[in-house]
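Student: Could we go through this structure together? I'd like to start with the strands and then jump around a bit.

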Amino acid sequence: MIRVQREDFDIGAEIEALTGGNDQIGAVASFVGITRADAGEDAGDAVSAMTLEHYPAMTEKQLSDIEAEACRRWELTASLIVHRYGRLEPGDRIVLVVTAAAHRRAALDACAFLIDWLKTKAPFWKREETADGDRWVAARAADDRAAERWHSGS
């Protein structure tokens, strides 16, 4: 299941809604991405906010494709991607990824895969606000390297 939304999400409620009552689930893995004030080693100055923009149909299609790929690679009982858009300040949640499976390895690996592929393949455009003005966020080589491990079928 995927959702792209402006509003925040409740992590516990999302996990319960996805997994509640399913006695075939033996493991749940989750990841929550949070907006940072530190823009990273390349940027220098602090980020006061980030705005995520997207084209809804294109974004939803790509997220669905990424989730489907995880389901092809691992035996998942359930999965969820919630990705926010709009203006977010440091400390705000950006993304929630939850995977559930009969066994922990599938849940953990699928969650890691989804995180890496969302970072490099999800069509969101990010603009950071700093004291020196706004700037668009460029792709990072480290993110590409993290996603590359999944191309070999690991």
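Tutor: Before the strands, one definition: two strands count as paired if DSSP finds at least two bridges between them. Please also keep in mind that this is a predicted model.

Student: OK, so in what sense do β1 and β4 pair, parallel or antiparallel?

Tutor: β1 and β4 pair in the parallel sense, over four bridges, and within that pairing Val4 has His83 in β4 as its bridge partner.

Student: And what about β4 with β6, parallel or antiparallel?

Tutor: That pairing is antiparallel, with seven bridges joining β4 to strand β6, which covers residues 93-101; Leu80, for instance, stands opposite Val98 in β6.

Student: How many residues of β4 are buried, then?

Tutor: Eight of the nine residues of β4 are buried, so the strand is largely enclosed by the rest of the structure.

Student: Switching to charges: how many salt bridges does a search of the whole structure find?

Tutor: The search finds twelve salt bridges. One that is worth a look joins Asp8 and Arg84, whose closest N and O atoms are 3.6 Å apart.

Student: Where do Asp8 and Arg84 lie?

Tutor: Asp8 lies in the loop between β1 (2-5) and α1, while Arg84 lies in strand β4 (residues 76-84), so the pair ties together parts that are 76 residues apart in sequence. As for exposure, Asp8 is partly exposed with a relative accessible area of 38%, whereas Arg84 is buried, with a value of 8%.

Student: Any others you'd pick out?

Tutor: Glu128 forms a salt bridge with Arg135, with the closest N and O atoms 2.9 Å apart; Glu128 is buried at 6% relative accessible area, and Arg135 counts as partly exposed at 23%. On shared partners, salt bridges join Asp8, Arg84 and Arg93 into one network. There is also a salt bridge between Arg127 and Asp134, where the closest N and O atoms are 3.4 Å apart, and Asp134 counts as exposed with 51% relative accessibility.

Student: Back to acids for a second: is Glu14 buried or exposed?

Tutor: Glu14, which is found in helix α1 (residues 11-19), is buried, with a relative accessible area of 14%.

Student: Which residues is Glu14 in contact with, leaving aside its neighbours within four places in sequence?

Tutor: With those neighbours left out, Glu14 is in contact with Arg3, Phe9, Leu80, Val82 and Leu96. Leu80 came up before, as the residue that stands opposite Val98 in β6.

Student: New topic, the surface. Which residues form a nonpolar patch there?

Tutor: Tyr55, Met58, Trp125 and Trp136 form such a patch, and together they have about 490 Å² of accessible area. Tyr55 has its place in the loop between β3 (47-53) and α2 (56-73), and at 56% relative accessibility Tyr55 counts as exposed.

Student: Last one: how many disulfides does the structure hold?

Tutor: The structure holds zero disulfides.

Student: Why is there no bond between Cys71 and Cys111?

Tutor: The closest cysteine sulfur to that of Cys71 is in Cys111, and because the two are 12 Å apart, they are too far for a bond; the cut-off for a disulfide is a pair of cysteine sulfur atoms within 2.5 Å. The surroundings can be compared through accessibility: Cys71 counts as partly exposed at 39%, and Cys111 counts as buried at 4%.

Note on methods: Residues numbered from 1 in each chain as written. Predicted model: local features only at pLDDT ≥ 70, side-chain atom pairs only at ≥ 80, totals over all residues. Heavy atoms only, no water. Helix = DSSP H or I, 4+ residues; strand = E, 2+ residues; numbered from the N terminus. Buried < 20%, exposed > 50% of the residue type's maximum accessible area, 1.4 Å probe, protein only. Contact = heavy atoms within 4.5 Å. Salt bridge = Lys/Arg side-chain N within 4 Å of Asp/Glu carboxyl O. Patch = residues over 30% accessible without salt bridge, like charges linked within 9 Å, V, L, I, M, F, W, Y side chains within 5 Å. Areas by Shrake-Rupley, 256 points an atom, 1.4 Å probe, with all protein chains shown as cover.
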